[in-house]
Amino acid sequence: MKKALPAALLLFLLTGCRNEELKLYRRTGFYLGTYVTVSLYSQKNAEPLLEKVFAEIKRISDKYSAEDPSSYINRLCQRAQKSYVELDEESLFLLKSSSKISSLTCGAFDLTLGPLKKLWGFNSKPRLPSQEEIKEVLEKTGWKKVHLKGRSLKLDSGCFFDLSGIAKGYAVDRAVEILRSAGIKSALVDAGGDIYALGKKPDGSKWRIGVKHPRKEGLIAVVELENSAIATSGDYENFFIKDGKRYHHIFNPSTGYPASLCQSVTVVAPTTLEADALSTALFVMGPQKSREVARNLGLSVLIVDSRGQVHPFEFSGVRFKIIGGGKK
Amino acid sequence: MAKMTRREFLLFSLSVLGASAFKFSGRENNRMSIHAITSDPEGTYSMIITRLSQEMDLHTVFADAETAALLTYTRPGRGLRAVVFARKLEKEEDTNITVVKDGHILDPRKGLFRQVYSKLRKEGKGTYLISIAVEDEKLSEKAKAVVEMDGRRIKELDLAENRVLELKTPAGRMKIEVKEGKIRVIESSCRNKICVRTGFISRPHEKIVCIPNRVIISVEGTLPAVDAVTS
């Protein structure tokens, strides 16, 4: 006991002193259809920096808003249905990134599902559409309706983009870029569960991220991250139940119905954009095919399948600590 | 961790406990929680604890491993929490349990840990040294929920105090209930009712988010089990 006390005191003093210089700055705003929380450690006043970060998030949120009919992306889609329209650098980057992820996942990631989301009413009043309605809407969706020539975009009539599947992750990455270039070494950016962990915490430990249990209160896994992104797609956040069946907002682009192979998919990736888009894509693909993709790309992925079974596919250095069992 | 004697290990456990000043678990009101730290997070020890928790009707909350694993079990209705250090020993023949309460070593064969003790002796024979430090309710900090609207903290609610309150929001209204250490939204003017369907939350970093009402409800505690949650 006597020996332990000085050691404890020393440990306390050491950590106490080191943390004194760095202060935690934190701000939350509502953008991109969700909340965005930026937490950062800085020695000097970081309020102006937070101001800058949130201005950028707001810019992206406004520009790519699917809900606002006068947003840049919605106006662009309307014009592109008539003739070729030149894209700006940023939109070209987002489009190319999406099409890359789409081809990596055999078309499971699809940005043209806007009309389908509208039909199912997930942003307003959810309902179960008839098969005919779904079939009709599927005529308007799919990458084949998108034509890119150089920097110019043309869409088939009725087809439009919904970048919400990628804008959230992109906004987090942009926020991180700003923080990095301002010299911030330790920060966490969280846009509705799409998270980037910049550096380590001031105490030298990695950022600890919990993965929500898709069916129960609390967490199913914990993962430690450093300069890495994580995102989860689940069937539990936006859904309705009809005749005992759960209908949620992540669609299988080929059937037009909610993808039914998983309860949740968590992806750890170098960028939040990739983590965000891939979690959606792998959710559609299901555990078996996802394993292949994770292996090819060298990613760590945690899948809870439709029966509640947990599948950790760890092809990067990142490991999931599973906490709960898989079953209800 | 290198090989340690029983005494060294106990001292090590106590030094870690001292450093974190019993703030380890922090917040779960009227619950008993056990934190177990083991150098063998996926091994037999975890299995013993898991079985033990089922036996004692403890509820798993959280586990982690760096060089050690931190397992938390909570049990409603108990005003106690405990930190358990376990270590695989090469030499010791029996499972040993040391219970430390308020700096005093207790007899684990009596009282609360009697069950744990006999169970561990049976199942972990000859492998582990367990030391358990118990924290009394009076030492713990009260758990609280924070209600943020439009990014600003508008309310802090003591989770030990059952109540229902109405909230006027920029887009309408919400009704929030605090009950037995947990908090939930029972009514909301929003369309999709995602906030209502989230149900009760009670642990640090759990969140209820209502985008239309621009409200986030989160639980704050002294041990941030995680820094953020992906969902």
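Helices are DSSP runs of H or I with at least four residues, numbered from the N terminus. The exercises below use this numbering on a predicted model.

**Exercise 1.** Which residues pair with A:Glu292 in a salt bridge, and how are the two partners placed in helix α8 of chain A?

Solution.
- Step 1: A:Glu292 pairs with A:Arg295, and their closest N and O atoms are 3.3 Å apart. The cut-off for a salt bridge is 4 Å between such atoms.
- Step 2: Both residues belong to helix α8 of chain A and are three residues apart, so about one helical turn separates them.
- Step 3: A:Glu292 has a relative accessibility of 37% and counts as partly exposed. A:Arg295, at 42%, is also partly exposed.

**Exercise 2.** Work out the strand order of the open sheet of eight strands in chain A, and state which strands stand at its edges.

Solution.
- Step 1: The order is β1-β2-β6-β7-β10-β13-β14-β15 (chain A), and the pairing is antiparallel.
- Step 2: β1 (23-31) and β15 (310-314) of chain A each have a single partner strand, so one side of each lacks a neighbour in the sheet.
- Step 3: Ignoring direction, neighbouring strands are turned by 10° against each other on average.
- Step 4: Inside this order, β10 (residues 228-234) and β13 (residues 262-269) of chain A run antiparallel and are joined by six bridges. A:Ser233 is found opposite A:Val265 in β13(A).

**Exercise 3.** Which strands does each of the helices α7 and α8 of chain A touch where it packs on that sheet?

Solution.
- Step 1: Helix α7 (residues 164-181) of chain A touches β2 (34-42), β6 (186-191) and β7 (194-198) of chain A. Its direction makes about 20° with that of β7(A).
- Step 2: Helix α8 (residues 272-297) of chain A touches β7, β10, β13, β14 (300-305) and β15 of chain A. The angle between the directions of α8 and β13(A) is about 120°.

**Exercise 4.** Describe the open sheet of four strands: its order, edges, twist and the pairing of β8 with β9 of chain A.

Solution.
- Step 1: The strands follow the order β16(A)-β9(A)-β8(A)-β15(B), and the pairing is mixed.
- Step 2: At the edges are β16 (320-322) of chain A and β15 (228-230) of chain B, each paired on one side only.
- Step 3: From one strand to the next, the twist averages 30°.
- Step 4: β8 (residues 207-212) and β9 (residues 219-225) of chain A pair in the antiparallel sense over six bridges. In this pair, A:Val211 lies opposite A:Ala221 in β9(A).

**Exercise 5.** Are the partners A:Arg174 and A:Glu56 buried or exposed, and which parts of chain A does their salt bridge tie together?

Solution.
- Step 1: The side chains of A:Arg174 and A:Glu56 meet in a salt bridge at 2.7 Å, N to O.
- Step 2: A:Arg174 lies in helix α7 and A:Glu56 in helix α2 of chain A, so the pair ties together parts 118 residues apart in sequence.
- Step 3: A:Arg174 and A:Glu56 are both buried; the cut-off is under 20% relative accessible area.
- Step 4: Through shared partners, salt bridges join A:Glu56, A:Arg59, A:Lys63, A:Asp88, A:Glu90, A:Arg174 and A:Glu177 into one network.

**Exercise 6.** Where in chain A do A:Arg27 and A:Glu51 lie, and how accessible are they?

Solution.
- Step 1: A:Arg27 and A:Glu51 form a salt bridge, with their closest N and O atoms 3.3 Å apart.
- Step 2: A:Arg27 is in strand β1 and A:Glu51 in helix α2 (residues 47-63) of chain A, 24 residues apart.
- Step 3: A:Arg27 is partly exposed at 23% relative accessible area. A:Glu51 is partly exposed as well, at 49%.

Definitions and conventions: Residues are numbered from 1 along each chain as its sequence is written. Chains are lettered from A and ligands numbered from 1 in the order in which they are written. This is a predicted model: local features need pLDDT of at least 70, side-chain atom pairs count only at pLDDT 80 or more; totals for chains, interfaces and linings use all residues. Side-chain values use heavy atoms; hydrogens and water are left out. Two strands pair if DSSP finds at least two bridges between them. Helices (H or I, at least four residues) and strands (E, at least two) are DSSP runs, numbered from the N terminus. Axes are lines fitted to C-alpha atoms, for helices over the stretch in contact, and angles run from 0 to 180 degrees between N-to-C directions. Contact means heavy atoms within 4.5 Å. Buried means under 20% relative accessible area, exposed over 50%, partly exposed in between (1.4 Å probe, protein chains only).
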